[in-house]
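I opened this entry to keep a record of what I looked up, in the order in which I looked it up. The structure comes first, and my notes follow.

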Amino acid sequence: MNPKWWKESVVYEIYIKSFMDANGDGVGDLAGVFSKLGYLQELGVDVLWLAPIFDSPDHEGGYDIRDYRKIMDKFGTMEDFERLLEDAHARGMKIMLEMPLNHTSNEHPWFRESRASKKNDKRNYYIWREGRGSGFPNNWGSYFGGSVWEFEPETEEYYMHLYSHRQPNLNWENERVREEAYQIVKWWADKGVDGFHFNSIAHVVKTEGHDDEDTGNMQHLPVERAYQMFSSLDKVNGIVKRLHDEIGAEYDIVAIGEAAGLDPAQTLDSIGDEPGKANMVLNSDHLLLSHSSQGIGRWTNKSWTLLDIKNAISHWQTVLHGQGWNANNLADHDQPRSVCRFGHTGEYRELSAKMLATLLMTLEGTPLIYQGEELGMVGGVFHTAEDFRDEETLNFLDHARKGGMDEEEALKIARRNTRDAGRTPMQWDASRGAGFTTGEPWMGIAPDYETVNAASALADPNSVFHYYKKLIGLRKVSRTLLYGEYRLLLPLDKDIYAYTRTFEDETLMVVLNFFGGTPMFPCPERLCERPREFLIGNYEPGVVEGSDFELRPYEAAVYRLG
């Protein structure tokens, strides 16, 4: 079991630009986060995970970093951050920072030097290659479409970027780069930061040479096929160990790594409780079910099934039990909101939001709530291309237009899969600007803010907010929800997601109706011959005796079995 504070915590992800604007410029800021600490404390969360706060030209959501030791001007000052950190600690909450170390901004001083000359001592801080013939160095595809290579006329070579061309990849084969990164992490740990989410850590090492796979008529090898060339190679484990060595011995902090595209067994060498390993792993298998991959595969309309979801989540739950630790989420700032993705946006919005909350809070692992999930927020409306802000989305729409795709079809795909869908401003109250800002918001606010907002949720004891609060309270007192073994029930049922959590002599049973029908729950005899006690659910308790029972639309219930 090996109890740890981060295993027993609930994390709340804050996308600062859209959380709370304190100065009226239309962009969220650190002072805005500070002003809502009471709200977050009321919810009961333990760790605030801040999306990148570092100095950035902000072309790519703050992930294009210009200075890792400075706060982005839009967000405030270092004094604002230190005040937030101090007050959060005084309230018993911790601060975790998003730490993107795979790439920097092309405005970072290192890159300015690197691109200036082949002889510059920062040249090898980034990945440069000569072209092959009259073309790119190889045929790897970028997440944002096109090649991973960008030509630099000054030195007549190409630099690598897995994402935007404004985000050149650091060369982690260079010991000086690794040392710079370790010192950045240690600098923030010295400030008292309680943890780090190492964004794209799986991609920091790339294979050498060119990929010669025959791509037919494709100009670039798609991301889903080139992925193996720049994802979680063996050297990454050594990098994670060194990062943890720099901070793990002196500081009681948490380190979360990403595992998109990997099998859970591949992560076991690099995660665990012992020194030199990341503490938990965040995977996205269930979030990628509605598109075939990241990158260009995001822009496909692929449908998910409940069997897909159960298989994806259960695989990670079972493989990591007793060996690693999951970080569980149903949404983040790169994905549509969970109610839009997996729930119902109409009459069953609140019920489905509570059902999804029950799933998130009863899995084994640390739950990560994305801002607005506790309100059942749905997201914004994007009528035209001008309504989007995300560079990846705008790239897709541009490529679709040039490729002759029907404009309305392209917009339909963009609305469904854009990262902007999860980035609309928080809805605090029914006033103009939804209480998020007194100015013009940087992105359009969802039109339902007058009815779906924090003020109304706090006033309603039956709201999604108060349901999350009850779930968090239950999790904090239940060793079974914290450390119990997960076992899937009814693996082939297309409507019901059910499982047990067992710890020592206690077994809890979680039953979730994922849709708006009224299916019959065929309770396994070995479980339902035992008395059951209703602990929490999104309806008043139904039948608690006997075996089979009917579920109501989007019903969720947690039972203790006698």
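**A pair within one helix**

I began with Arg-401 and Asp-398, which both belong to helix 12 (residues 391–402) and sit 3 residues apart, about one turn of the helix. I should record at once that this is a predicted model, and that every value below is computed from it. The two side chains form a salt bridge in which the closest N and O atoms are 2.6 Å apart. I looked up the accessibility of each partner: Arg-401 counts as exposed at 55% relative accessibility, whereas Asp-398 is partly exposed, with a relative accessible area of 26%. I then checked for salt bridges that share partners, and found that they join Glu-60, Asp-334, Asp-390, Glu-392, Arg-419 and Arg-423 into one network.

**Overall figures**

For context I noted the totals, with 17 helices and 20 strands in the protein, and buried residues making up 60% of its 562 residues. The accessible surface comes to about 21500 Å², and 47% of that belongs to carbon and sulfur atoms. I also looked at how contacts are spread along the sequence: of those between residues at least 6 apart, 71% join residues at least 24 apart.

**Salt bridges at Glu-157**

The structure holds 29 salt bridges, and I followed up those made by Glu-157. Glu-157 forms a salt bridge with Lys-118, where the closest N and O atoms are 3.8 Å apart. This pair links distant parts of the chain, since Glu-157 is in strand 8 (residues 157–160) while Lys-118 is in the loop between helix 4 (109–116) and strand 6 (128–129), 39 residues apart. Arg-123 also forms a salt bridge with Glu-157, and here the closest N and O atoms are 2.8 Å apart. Arg-123 lies in the loop between helix 4 and strand 6, and is 34 residues apart from Glu-157 in strand 8.

Which of these residues are buried, and which are partly exposed? Glu-157 counts as buried at 11% relative accessibility, and Arg-123 is buried too, with a relative accessible area of 5%, but Lys-118 counts as partly exposed at 47%.

**Positive phi**

I next looked up backbone angles, bearing in mind that most residues other than glycine have a negative phi. Asp-58 is not a glycine, yet has a positive phi of about 65 degrees; the residue is found in the loop between strand 3 (54–55) and strand 4 (67–71). With a relative accessible area of 10%, Asp-58 is buried. Ala-434 is likewise not a glycine and has a positive phi of about 55 degrees, in the loop between helix 13 (407–417) and helix 14 (454–459). I found Ala-434 to be buried, with a relative accessible area of 0%.

**Surface entries**

I noted a patch of negative charge on the surface, where Glu-386, Asp-406, Glu-407 and Glu-409 gather. Glu-407 is found in helix 13 and counts as exposed at 61% relative accessibility.

My last entry concerns Asn-462, in the loop between helix 14 and helix 15 (464–477), which is exposed, with a relative accessible area of 53%. Which residues does Asn-462 contact, leaving aside its neighbours within four places in sequence? Asn-462 is in contact with Glu-350 and Lys-354. Between Asn-462 and Glu-350, which are 112 residues apart along the chain, the C-alpha separation is 9.6 Å.

Key. Residues numbered from 1 in each chain as written. Predicted model: local features only at pLDDT ≥ 70, side-chain atom pairs only at ≥ 80, totals over all residues. Heavy atoms only, no water. Helix = DSSP H or I, 4+ residues; strand = E, 2+ residues; numbered from the N terminus. Buried < 20%, exposed > 50% of the residue type's maximum accessible area, 1.4 Å probe, protein only. Contact = heavy atoms within 4.5 Å. Areas by Shrake-Rupley, 256 points an atom, 1.4 Å probe, with all protein chains shown as cover. Patch = residues over 30% accessible without salt bridge, like charges linked within 9 Å, V, L, I, M, F, W, Y side chains within 5 Å. Salt bridge = Lys/Arg side-chain N within 4 Å of Asp/Glu carboxyl O. Lys, Arg positive; Asp, Glu negative; His and termini not counted. Charge placed at Lys NZ, Arg CZ, Asp CG, Glu CD.
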